[in-house]
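Biologist: I would like to learn how to read a model of this kind feature by feature, with the general idea given before the particular case. Could we begin once the structure is in view?

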Amino acid sequence: MANNYRYNAQNRSTRTLRLGLIPLFTALTAAGAQISVPIGSVPITLQMLFVFLTGFLLEPIDAFVSMALYLVLGASGIPVFANFSAGLSHLVGPTAGYLWAFPIAALLIANLRRKLGNIFAGFVGLSIVYFLGWLVLGMYLKNFSKAFLVGVVPFVLIDAIKLGLAIYAAQKVEKILGGSVYGKA
């Protein structure tokens, strides 16, 4: 009986932690969006840093839900997108592909990180963001070459640095916690 109580208490504790971490990473992504350097159609922000961290530190479904919640908040009018912007137009405009890719990227990163390592998982997630972002931007510009030049090329080095920072930060967090944020891994 005592063992069953301990199991239920651990489940409640993990559930509570998950319910706290999902909006925390949503909020971190929103904060990262406000650190923005406009360089044309697609600004440089810290959103991708937090997409990486979400994938590295949360379980796959939690990572997906956190980034999906970010999109829902922005679409509903809460100014979580770059430059304190919001609205459904961001999810159907020229940069919509980048935003739609965040939940998919976080899910893939979280799924792949333990099997293939953080670097590979991060590059897979980033590739998804670049691909969907480039695809939608190319359709809007009616020029996929130009979309690649303005929507991917300027960000490769910057996003590689963000990936390195995210890997370092995730390793530090897990070292401090003695395992994953959900307990021993």
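**Reading the model**

Modeller: Ala75 has its place in helix H3, where helices (H or I, at least four residues) and strands (E, at least two) are DSSP runs, numbered from the N terminus. This is a predicted model, in which local features need pLDDT of at least 70 and side-chain atom pairs count only at pLDDT 80 or more, whereas totals for chains, interfaces and linings use all residues. Residues are numbered from 1 along each chain as its sequence is written, and side-chain values use heavy atoms, with hydrogens and water left out.

Biologist: Is Ala75 buried, partly exposed or exposed, and which residues is Ala75 in contact with beyond its neighbours within four places in sequence?

Modeller: Buried means under 20% relative accessible area, exposed over 50%, and partly exposed in between, with a 1.4 Å probe and protein chains only. Ala75, with a relative accessible area of 24%, is therefore partly exposed. Contact means heavy atoms within 4.5 Å, and once neighbours within four places in sequence are left aside, Ala75 is in contact with Phe81, Gly87, Leu88 and Leu91. Ala75 and Ala105, by comparison, are 30 residues apart in sequence and 19 Å apart in space, C-alpha to C-alpha.

Biologist: What should I know about the sign of phi, and what is phi in Phe84 and in Lys142?

Modeller: Most residues other than glycine have a negative phi. In Phe84, which is not a glycine, phi is positive, near 50 degrees; the residue is in the loop between helix H3 (60-75) and helix H4 (96-116). Lys142 is not a glycine either, and its phi is positive at about 55 degrees; this residue is found in the loop between H5 and helix H6 (144-151). Phe84 counts as exposed because its relative accessibility is 60%, and Lys142 counts as exposed because its relative accessibility is 74%.

Biologist: Where does Trp134 lie, and which residues does Trp134 touch, not counting those up to four places away in sequence?

Modeller: Trp134 lies in helix H5 (residues 118-141) and is partly exposed, with a relative accessible area of 22%. Not counting residues up to four places away in sequence, Trp134 touches Tyr98, Phe144, Ala147, Phe148 and Val152. For Phe144 there is also a polar contact to read, that is, a pair of N or O atoms within 3.5 Å, of which, within protein, one must be able to donate a hydrogen and the other to accept it, while residues adjacent in sequence count only if both atoms are side-chain atoms. Here the backbone oxygen of Phe144 lies 2.9 Å from a polar atom of the side chain of Trp134, and the C-alpha atoms of these two residues, ten residues apart along the chain, are separated by 7.3 Å.

Biologist: How many residues of H2 are buried, and which residues is Thr54 in contact with, leaving aside its neighbours within four places in sequence?

Modeller: Eleven of the eleven residues of H2 are buried, so this helix is largely enclosed by the rest of the structure. Thr54 is in helix H2 and counts as buried because its relative accessibility is 0%. Leaving aside neighbours within four places in sequence, Thr54 is in contact with Phe25, Thr29, Ala63, Ser66, Met67 and Ala106. Leu58 lies in the loop between H2 and H3 and likewise counts as buried, at 0% relative accessibility; its contacts, with the same neighbours left aside as within four places in sequence, include Leu21, Phe25, Leu53 and Tyr182.

Biologist: Which residues touch the most other members of the largest nonpolar core?

Modeller: A nonpolar core is a set of buried Ala, Val, Leu, Ile, Met, Phe, Trp, Tyr and Cys residues joined through side-chain atoms within 4.5 Å. Of the 45 residues in the largest one, Phe52, Leu53, Phe56, Tyr70 and Phe102 touch the most other members. The largest share of this core, nine residues, comes from H4. Leu53 touches Phe25, Leu58, Ala166, Ala169 and Ala170, not counting residues up to four places away in sequence.
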